[in-house]
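Open the model in your viewer and keep the selection box ready. Each stop on this tour tells you what to pick and what you will find there.

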Amino acid sequence: MCEVSFYALLPDGRAIKSMSVDMTPEGNFLRDMNTRQEYDWPVFNAGKCTITLRKGLYIMAFDTKLEREDGTVAKVRFSEFSIPDKARDFTGDTASLTIKLVEL
Amino acid sequence: MRKALSFIFFLLVYQGLIAQRINDRSLQRLDPYFGIAFGHTDYYSVTSFLLSPYANYSEAFLTGDYRREDRAFLPQYGDGYMGVAFNAASMIRTDKFSAVQGKVEYSKGVKKNVKWNETTDFLLLQPYVLADSLGGDMQSEKYEFSGAYSRRFGKLIAGAELGYRAVHEFRKIDPRPRNIASDFGLRGGVSYILGRYCLSATASYRKYHQLQNVEFYNPIGANAVEYHFTGLGSRYQRFDGTNNFTTVRYKGNGYGLAMLLSPADKGNLFAGVNGIMLKIASHLPGQNEVPVTELSIKQADGFFSLPFNIDSFNSAISFKFLYERRDGCENVIDNAVEGSYNVVKSLQLYVSHNADASLDALMEKNGLYIKPNVGFNYYRASYVYPMRLASFATLRFGLSGGWLKNFGKWMTSLSLEGRYEANLMQDLELPERYTEKVILHAYTQMFDGFCRNRFLLGASARVQTEINDNNALFLATSFSQWFFPSDKALLAKLSIGITF
């Protein structure tokens, strides 16, 4: 298994208080590319979350709302690794990934 | 004890002094007292047949084979079979110091209503098999031969054996798997006579190959989904589907080493151990032969048999054990951006353990015999993530008995068998979230079916008549009925042949 830490980053660098991803829409996924196994995005606290995944290649994306430290809300998108050609491999025991969010 | 020791000596001289007429030789082959001692030795030693008491013997026969199960015990082999087979086997002592033996088999038949498996040699290759969601009859054709030669040089005996098996299986309607499997085996070994006993060592090599291709001819489109199973209902879903990934190649190599201790003069203990290691990888020929899985099979087995005499009864006890471990690795395959599929990492995700032990006893007098036995089996398979688990334990008790009699020109053999197999425990844990509903249902059903308590009642008979001193015609039949709590299964065979 691979313990993956995700760090969410807003384009303007403002601090994130919390962010959760609704897994209902089809466009929100964290998926093992080979087994097609789906994982739920964990809740981001202070812009950070950790999840244990089976080692493999992953595609991932989401649209969601987040709350900044100053209490404001922003609608964001993450789609950098959303297609197989850009799959991200998590094949070590640990990994970290910076999630570069785009404000919508 | 003296009687027991002299029995072995008697066996060793038996071939030359007594077993001359064909009915005598057949009787010797069928005798369970010989069988409990020498029935295992060929498996553990490539040279043992030279020292065995068996006289020259050849037979050729045609068999009709029928199986019908109300509910499939192992759906991957279907709920029935109907076929014919031709078999020939021979063991000939070419001179005082050497012998050859060989056998050939050709069989052709139909496995009825095969489900959740399209791969030939399911039990060898599981859990990494290709399966469809529909099932259907599978046509099956098998060619098999083996030949062995053994020669004695003073106290040293050397031998070698070569074997080959080819299987062709296909289905006549969509989905249409076509599988061609070939299985080559080579064994070589030496034995050395150490006083009362002979110690044998045999090394073996095995090469396995299967090419499997599934096609759909219906112009409307595919009527089933193809699954690449990876154990306990999990799949390599990236390659599921009906288009590009339905050709699979299995390639494997294996090695083994076996030791056998058997009587050479006045000893009476038979004991053998065997270790086998076999690795089989599955590849996708359409995707630059990328290896998808690798299965590593390790097996250890052994036995001992001790023939002895109680009063005027020929008696024996025999103990057998087997342990098999399967480790399955799945390869993480890259995104093939440049058109070539490459392995990024190999993950060990599947492991299974199968342990089996059985104890047999035999008492025989004047051709009448009884053979009680008791056995235990434990199986456990697990998948690392998402966690899946299957385990069960079975205890079995059986009693068989029979009668062999030579009436001069006629010879007959009758036997009856009863066996009860009781399930002691069963546990199946499959994650609902990560298992497709139809697969979850099928696996639960299969597992429940496999863990049913069951009772077997079987009977077999053989009648043989001599044409002359060296040739005989025989007719043999066997019927077995399995009784499950709410259903039954029937197995029947009828053979006609000649022996010489």
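## Stop 1: a loop and its surroundings

Select B:Q287. Setting aside neighbours within four places in sequence, B:Q287 touches B:N244, B:F245 and B:Y341. Keep in mind that this model is predicted. B:Q287 sits in the loop between β12 and β13 of chain B. Is B:Q287 buried or exposed? Its relative accessibility is 7%, so B:Q287 counts as buried. Now add B:Y341 to the selection. B:Q287 and B:Y341 are 54 residues apart along the chain, yet their C-alpha atoms are separated by 6.3 Å.

Stay in this loop and pick B:E289. B:E289 also belongs to the loop between β12 and β13 of chain B. Check its backbone: phi of B:E289 is near 55°, a positive value in a residue other than glycine. Why look twice at such a value? Most residues other than glycine have a negative phi. B:E289 is partly exposed, because its relative accessible area is 27%, and the partly exposed range runs from 20% to 50%.

## Stop 2: into strand β12

Step back to B:H283. This residue lies in strand β12 of chain B. B:H283 has a relative accessible area of 13%, so it is buried. Which residues does B:H283 contact, leaving aside neighbours within four places in sequence? They are B:T247, B:V248, B:R249, B:K251, B:E289, B:V290, B:P291 and B:V292. You have already visited one of them, B:E289. Draw a distance from B:H283 to B:R249. Their C-alpha atoms are 5.0 Å apart, with their positions 34 residues apart along the chain.

## Stop 3: an enclosed space

Turn on a cavity display. Rolling a probe the size of a water molecule over the atoms shows where empty space is left. How many cavities of 30 Å³ or more are there? The count comes to six. Go to the second largest, with a volume of about 110 Å³. Its lining has 13 residues, and the closest to its centre are B:Y128, B:H228, B:F229, B:Y250 and B:S282. Select those five.

Next, colour the strands. β9, β11 (247-263), β12 (270-284) and β13 (290-310) of chain B each give at least two residues to this lining. Which strand supplies the largest share of the lining? β9(B) does, with three residues. By character, the lining of the second largest cavity has nine nonpolar residues, four polar and no charged.

## Stop 4: the end of β9

Follow chain B past β9 and select B:L232. B:L232 is in the loop between β9 and β10. Here is another positive phi: about 55° in B:L232, which is not a glycine. B:L232 counts as buried, since its relative accessibility is 10%.

## Stop 5: a helix and its cover

Select residues 437-450 of chain B. This is helix α7, with 14 residues. At 1.5 Å a residue α7 should span 20 Å, and its end C-alpha atoms are 20 Å apart, so the two agree. Which residues of α7(B) are buried? They are B:I439, B:L440, B:A442, B:Y443, B:M446, B:F447 and B:G449. Their cover includes β9 (226-231), β10 (234-235), β17 (388-406) and β18 (410-429) of chain B.

Now pick B:C451. B:C451 counts as buried because its relative accessibility is 4%.

## Stop 6: two cis bonds

Most peptide bonds are trans. Two places to check follow. Select B:D174 and B:P175: the peptide bond joining them is cis, with omega about -10°. B:P175 lies in the loop between β6 (156-170) and β7 (176-194) of chain B. Then select B:Y385 and B:P386, where the bond is also cis and omega is near -10°. B:P386 is in the loop between β16 (368-383) and β17 of chain B.

## Stop 7: cysteines and a short helix

How many disulfides does the structure hold over all chains? Zero. Take B:C329: the nearest cysteine sulfur belongs to A:C2, 18 Å away. A disulfide needs two sulfurs within 2.5 Å. B:C329 is buried, because its relative accessible area is 17%.

End at B:T41, in helix α4 (residues 41-44) of chain B. B:T41 is buried, as its relative accessible area is 3%. Beyond neighbours within four places in sequence, B:T41 contacts B:S48, B:L260 and B:F270.

Key. Residues are numbered from 1 along each chain as its sequence is written. Chains are lettered from A and ligands numbered from 1 in the order in which they are written. This is a predicted model: local features need pLDDT of at least 70, side-chain atom pairs count only at pLDDT 80 or more; totals for chains, interfaces and linings use all residues. Side-chain values use heavy atoms; hydrogens and water are left out. Buried means under 20% relative accessible area, exposed over 50%, partly exposed in between (1.4 Å probe, protein chains only). Helices (H or I, at least four residues) and strands (E, at least two) are DSSP runs, numbered from the N terminus. The expected span of a helix is 1.5 Å times one less than its number of residues. Contact means heavy atoms within 4.5 Å. On a 1 Å grid over the protein atoms alone, a cavity is a set of points where a 1.4 Å probe fits but cannot get out, and a pocket is an open set with protein on both sides within 12 Å along at least five of seven lines; lining residues have an atom within 4 Å of a point. Grid points are joined across faces, edges and corners, and a volume is the space filled by probe spheres set on the points. Ala, Val, Leu, Ile, Met, Phe, Trp, Tyr, Cys and Pro count as nonpolar, Asp, Glu, Lys and Arg as charged, and the others, Gly among them, as polar.
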